[in-house]
Every structure is written in structure tokens, then in C-alpha cells.
Amino acid sequence: MENATPYMAYLLLDRMVAATQENMKYTVLTLFPEITDAFFSNSIMAKAIKRGIIGYQAVNIRDFAADKHKTCDDAPYGGGPGMLMLPEPLALAINSVLSGTNSSLRASVPPCDPFPKPRVIYLSPSGRPFNQELARELSREQELVLICGRYEGIDQRIIDRYVDDEISIGDYVLSSGEVAALAVIDATYRLVDSVICPESLEEESFSDGLLEYPQFTRPEEFDTMRVPEVLLSGHHEQIRLWRLEKRVEKTLRQRPDLIHCGRELGIFNKEINGIIDRIYRGEENERNSGN
């Protein structure tokens, strides 16, 4: 580190200390940090931050605007409706985040550098679809930098220069990139080690290609509807089988595409495939008896 400037050395030390304390850090670049601040100060996320498992930083892009009005948008070249976020303030904001891992600093770090460049994500309806598989992938990163767009989006040159991934949370358009960023954050942080106990994640929707089974709590009877008797029986194996069957039934009814994909990829075990086949045979017998 002898070739690094004192400031670069400080940045590296700061990153090293953070890395030893946190399993994941989220840095959100936004025009409205108060939106994301509220999420990180409540519920499980607040506890994860207090325990030092999750780190969070909001960077206000307006702080990097050059004029006294803190202008961060302008009309797009070529005409068209709406405004586009200016590249200069956003580039300065991104560089302020990446300054601890820029090329000049990394040149002074040994080849076994354990602190990789943060993964920079731009939330966009043009991005690749976000799903549970991608959430698991992102949860293994050390730091995610999420760029929240506004207006008609951001200048393409920012995407070309800085962005590692464009991600879309669905086939619809939002006015707030912060909402999309929080969806990605909420789906990934809960998969980070020590945030939630592993047992709670094992049978969630999409955990093994199936949706989650129906859940019930007290009272045993509500508005003439009773909790299924098997859940009151205390028979653990029967409860496990009932839940598995309900997961398969629900997935076939709500998301048959997941069943088709799971069978094509061979991710279902013999027991699940047997339940699927039994349901298919039952449906076929019903159709035949109806004829």
C-alpha cells in the first residue's frame, strides 16, 4: 500500500473494516434518500443493521449537482416527452462510491485483494427479469450499488460506463426507481447469512421450484372456516405430506409454468414427481368421467 495516497489508504482501510463487520452492504444512489431511509430503519432490516450483518448508505445525487438549483435533469437529445437524468451528477455520485476500488487504488492492493468492486445495478423496465434465482445470486455479493432512476431514466453513457446489471422487477413501469430498488433489497437481504434462520427459508415459495403451502393460526375456527384437522393432529409426517401436496396443488393451479420448468430441469425429487403425476391422473379421470 506504499504507493497509495493517504486518502486512498484510508478508503481501503474503511472498506476492510466494513467487510469484517458486514455480510452485505447496500449503497443506494437516489434523488430521494428519505424513501429508502425509512425501509432500513424498521423491522428485521433495522435489527440486521444493528447487529452489524447489513450495511447501508444512501447517496443523494443532488449533492453532486453543479448549479445552485441542484439540477439533475434535462430534455433528451432528439426530442420526445419527459426529462432525463443528467450524467454529470450521477457519474460523480457513482465515483464517490467506487473511489475505494478505482484502478489507481486497486493497483496498490495485492493480487489476492479480498474486496472486490461493488456490483452496480440500474433498476430499469428494460433490464433482465428479477427472480428468486437472481436474488440468491445477488445475496452472495459483498456490496450492491443500486441506481434509482427517475423521469424518463438515465443517460445511456452512464449505463455503458458504470452499470454491471440492468434489472427489471416486472413488466410494468414505475415512476420511482426507489420502489424497484427496495424490492431487490428486500428479496436479497433476507437470504444473507444470519439475517433469518435457515429453517424459515427452506419451504418458502420458489425455494425448490414450488410455491409455499397455505398457512393457518388461531383461532381453530374463523367465520365457519376450520383449520385442516391434519395440522391439529401433531403427526409430523402427515403434516409434512399434507404441506408438500398443497404446495404442488397450489403451484399447478397458480404457476403451472414453474411445474413445467421444474420437470424439464429435473429439479423435483421422486416424491414431488409422484404427487404431480397423481394430480394429473386425477384430473384426467375427471375429464373422462365427464365425457
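This passage goes through the pockets, a surface patch and some unusual backbone spots of a predicted model. Residues are numbered from 1 along each chain as its sequence is written, and side-chain values use heavy atoms, with hydrogens and water left out. Local features need pLDDT of at least 70 and side-chain atom pairs count only at pLDDT 80 or more, while totals for chains, interfaces and linings use all residues.

Pockets come first. A pocket here is an open set of points on a 1 Å grid over the protein atoms alone, where a 1.4 Å probe fits, with protein on both sides within 12 Å along at least five of seven lines; lining residues have an atom within 4 Å of a point. Volume is the space filled by probe spheres set on the points, which are joined across faces, edges and corners. The largest pocket holds about 650 Å³. It has 22 lining residues, with N131, Q132, E133, F206 and L258 closest to the centre. Helices (H or I, at least four residues) and strands (E, at least two) are DSSP runs, numbered from the N terminus. On that count, α12 (256-265) gives the most to this lining, five residues, and α6 (132-139) supplies at least two. Sorted by class, the lining comes out as nine nonpolar, six polar and seven charged residues (nonpolar: Ala, Val, Leu, Ile, Met, Phe, Trp, Tyr, Cys and Pro; charged: Asp, Glu, Lys and Arg; polar: the others, Gly among them).

The second largest pocket comes in at about 380 Å³. Its lining counts 25 residues, and Y122, L123, S124, P125 and L174 sit nearest the centre. β5 (119-129) is the top contributor with five residues. The class split is 12 nonpolar, 10 polar and three charged.

L174 turns up again on the surface, where Y172, L174 and V179 make a nonpolar patch with about 270 Å² of accessible area together. Patch members have over 30% relative accessible area and no salt bridge, and nonpolar side chains (Val, Leu, Ile, Met, Phe, Trp, Tyr) are joined within 5 Å, like charges within 9 Å. A salt bridge means a side-chain nitrogen of Lys or Arg within 4 Å of a carboxyl oxygen of Asp or Glu. Areas come from the Shrake-Rupley method with a 1.4 Å probe, and for residues only the protein chains shown count as cover.

As for the backbone, the R218 to P219 peptide bond is cis, with omega near 5°. Y151, not a glycine, has a positive phi of about 60°.
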